[in-house]
Amino acid sequence: MPHLHIDVFQPLQLPAREGEVEFGFIATSRGEGGESLISTRYKGREFFILHKKSGEKHLLKSDKITRPSPNFLVKHALLAYAKHSHATIIDSNVDNASENVHLKTHDALKSVDYFASDFPTGREIRLEVGFGSARHLLHQASTNPDVLFIALEIHKPSIEQALKQITIQNLNNIMILDYDARLFLEFVPSNTLSRIYVHFPVPWDKKPHRRVIGDTFVTEAIRTLAPQGRLELRTDSENYYRFALETYSHPPHVSFEVRKNQEIAVTSKYEDRWKKMEKNIYDVTLINDLISPEKKLEGDFSFTQSSINDGILPTLERQTFRRDWGFLNAEASFMIGEGGWMLRLAMGSFDRPEHLYLIVQNGKARYFPTQPVRSSANLSAHILLNELLNG
């Protein structure tokens, strides 16, 4: 992760601007550790730069929840803050390279709002979850030019490498999103996808609840798959293979296929490694037999209060509210400048929580950096938050 250490942390007179980078406000933790978050806007993206004391030095890096892709955005924002505050950089893993031309000229990288507001239609669509080195993704896209591939990945270097190859190979049928697949399926229209590829996901043997494949994911996959659409898991993990078999057997009206050590046209670097180790490779494929009704969600993420009393903050910070549909947790609280406050929230489903911030300034509330994904659990969490803000 891009970061740098500076000798002295000097808060800016905000708002401020350094070149194309804008700094809006600073939020200071009310808890231990003295952590601060600086709101940053660069090339249309909003995110936080995190500051905290690290021994005798001061650490600046991207906030994990709001970190944007590509890393170029974070690097230049960090350097801009250090320059504008006249800080001396003691050590750093941040270079001052110009924006990668492949990332600058290609529009394959999308935001979640792009899909939530107007999901692509009119052609066959396949989804790849966690594309890693992107070998399989690039091969499929080049050999199926009439198919649209939506590819999800949360590893920033993998995203940047894939975008570079998409530009070099001049592929126009790939859309890439830095997002959790378990959340993404919530707003894919029913009966839309012909394939969902999940190749060599992290096995999470000690934390099986973190696996991509699970009852909720499979239920949503069935809804989003067209009749005879396929959910394809390819794994070297014996535990994941058996877990998937059991999970696939839960829903009614589906069938599945199992193959062992089947050769495919293109392999990932991980598969090459496992084969050299003479490990078995398993393919477990679920085949959807249903036509699913469209998913209907009522409500939005607007706040109903005309003015929010600042006195409500102590009743919310570090509180967890559990309900049948999921939960709402105020993980940490922050004060903003001369007025206003902020909560770091986890909300929604127990299995697929969403992490974001709630900002309250001048009695008005908003989510940062974007609104939650429009899922049933998140909408329920928002209703609860509205009630709590009303006192």
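Here are some questions and answers about rings, burial and empty space in this predicted model.

User: Why is the pair of F25 and F48 called edge-to-face?

Analyst: Good place to start! The ring centres lie 6.1 Å apart, and rings pair if their centres are within 6.5 Å. Their planes stand at 80°, and over 60 degrees counts as edge-to-face, so the name fits. The two residues are 23 apart along the chain, with F25 in strand β3 and F48 in strand β5.

User: What makes F48 and Y357 an aromatic pair, and of which kind?

Analyst: Here the centres are 5.0 Å apart, and the planes meet at 85°, so this pair is edge-to-face. Y357 sits in strand β19, 309 residues from F48. Both belong to one aromatic cluster with F25, F334 and F368.

User: How do you know whether F48 is buried or exposed?

Analyst: The cut-off for buried is under 20% relative accessible area. F48 has 0%, so F48 counts as buried. Y357 also has 0% and is therefore buried.

User: What makes R210 count as a charge over the ring of W204?

Analyst: The limit is 6 Å from the ring centre, together with an angle condition. R210 lies over the face of W204 at 4.1 Å from the ring centre. Likewise, the charged end of R211 is over the ring of Y240, 5.1 Å from its centre.

User: How do you know what kind of residues line the largest cavity?

Analyst: Sorting the lining by class gives eight nonpolar residues, one polar and no charged ones. The lining includes L316, F321 and N329, and β17 gives the most, with three residues. The cavity holds about 40 Å³ of space.

Conventions
Residues are numbered from 1 along each chain as its sequence is written. This is a predicted model: local features need pLDDT of at least 70, side-chain atom pairs count only at pLDDT 80 or more; totals for chains, interfaces and linings use all residues. Side-chain values use heavy atoms; hydrogens and water are left out. On a 1 Å grid over the protein atoms alone, a cavity is a set of points where a 1.4 Å probe fits but cannot get out, and a pocket is an open set with protein on both sides within 12 Å along at least five of seven lines; lining residues have an atom within 4 Å of a point. Grid points are joined across faces, edges and corners, and a volume is the space filled by probe spheres set on the points. Helices (H or I, at least four residues) and strands (E, at least two) are DSSP runs, numbered from the N terminus. Ala, Val, Leu, Ile, Met, Phe, Trp, Tyr, Cys and Pro count as nonpolar, Asp, Glu, Lys and Arg as charged, and the others, Gly among them, as polar. Rings of Phe, Tyr and Trp (its six-membered ring) pair if their centres lie within 6.5 Å; planes under 30 degrees apart count as stacked, over 60 as edge-to-face and the rest as tilted. Buried means under 20% relative accessible area, exposed over 50%, partly exposed in between (1.4 Å probe, protein chains only). A charge sits over a ring if NZ of Lys or CZ of Arg is within 6 Å of the ring centre and within 35 degrees of the ring normal.
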